[in-house]
Amino acid sequence: MNILLFSTDRIALDATACRVIALNPRIVPTAIRGEKAGAGAYHSENIESFIDTNFIVNRTPVMSQTSSRFKTFLKNRITPKPAIDKDKCTLCGTCVNMCPVNPKAVDYWVKGNQSGPPEYGYNRCIRCFCCQETCPEEAISIDNLLLAKIASHI
Ligand code: SF4
Ligand code: SF4
């Protein structure tokens with residue numbers, strides 16, 4: 001599209017990227033939940049002249065924005081999630097530092113110190129996969145759950 005986007009606000013950046021392809025950031029779970037988690041704001045200024053309504057993208061909402069225990073339950077069984085390979089993890093803590101939600105969705109829950117790999121709190125995880133992208137050991141993989149695999153074949 002011949003544009004470059006920069007921002008100090010990662011949620012605003014993602015939301016702006018959505019808007020230029022005529023995708024409402026309100027239907028993008030990471031924008032809504034990222035803002036709720038204090039990682040940034042998805043309300044940005046008018047960029048009408050940059051919007052390309054012909055850009056091909058799925059504009060169907062991924063899920064309703066209203067949260068519920070049932071939806072969280074379903075999300076954790078349907079949505080792919082990051083998982084740490086304990087044998088590859090060097091306990092560097094990069095994934096914990098990079099996780100944008102507050103409190104962290106990946107942290108040293110069990111022992112409270114860095115004597116073991118971080119653990120995930122999937123109910124908090126917004127599936128941004130920053131942890132997976134930044135792990136220097138490539139110790140984090142994307143776990144495609146059984147239901148997601150089945151759904152992808154329907
Ligand atoms: S970034 Fe990778 S190597 Fe570092 S603690 Fe997290 S999983 Fe382990
Ligand atoms: S995908 Fe990783 S970085 Fe993103 S919210 Fe979940 S645990 Fe945090």
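This passage walks through two helices, a loop proline and a ligand site in a predicted model.

A good place to start is helix H1, which spans residues 10-20 and includes Thr16. Thr16 has a relative accessible area of 15%, and because buried residues are those under 20%, Thr16 counts as buried. The side chain of Thr16 nevertheless has a polar partner within reach: one of its polar atoms lies 2.8 Å from the backbone oxygen of Ala12.

Helix H2 follows at residues 29-36, and its buried residues are Ala31, Ile32 and Gly34. These buried residues of H2 pack against H1, the helix that also holds Thr16. Just after H2 comes a backbone feature that is easy to find on the model, with Gly38 taking a positive phi of about 85°.

Further along the chain, Pro117 sits in the loop that links strand E2 (106-107) to strand E3 (119-120). The C-alpha atom of Pro117 is 6.3 Å from that of Lys86, although the two residues are 31 residues apart along the chain. Lys86 is also one of the contacts of Pro117 once neighbours within four places in sequence are left aside; the others are Ile84, Cys89, Leu91 and Tyr108.

The ligand site completes the picture. Ligand 2 sits in the largest cavity and is surrounded by 13 residues. Four cysteines, Cys99, Cys125, Cys128 and Cys131, are among the closest of these, together with Phe129. By class, the shell around ligand 2 comprises 12 nonpolar residues and one charged residue, with no polar residues.

Conventions. Residues numbered from 1 in each chain as written. Chains lettered and ligands numbered in written order. Predicted model: local features only at pLDDT ≥ 70, side-chain atom pairs only at ≥ 80, totals over all residues. Heavy atoms only, no water. Helix = DSSP H or I, 4+ residues; strand = E, 2+ residues; numbered from the N terminus. Buried < 20%, exposed > 50% of the residue type's maximum accessible area, 1.4 Å probe, protein only. Polar contact = N/O pair within 3.5 Å; in protein donor to acceptor, adjacent residues only side chain to side chain. Contact = heavy atoms within 4.5 Å. Near = heavy atom within 4 Å. 1 Å grid on protein atoms, 1.4 Å probe; cavity = no way out; pocket = protein on both sides within 12 Å on 5 of 7 lines; lining within 4 Å. Sits in = over half its atoms within 2 Å of the grid points. Nonpolar A, V, L, I, M, F, W, Y, C, P; charged D, E, K, R; others polar.
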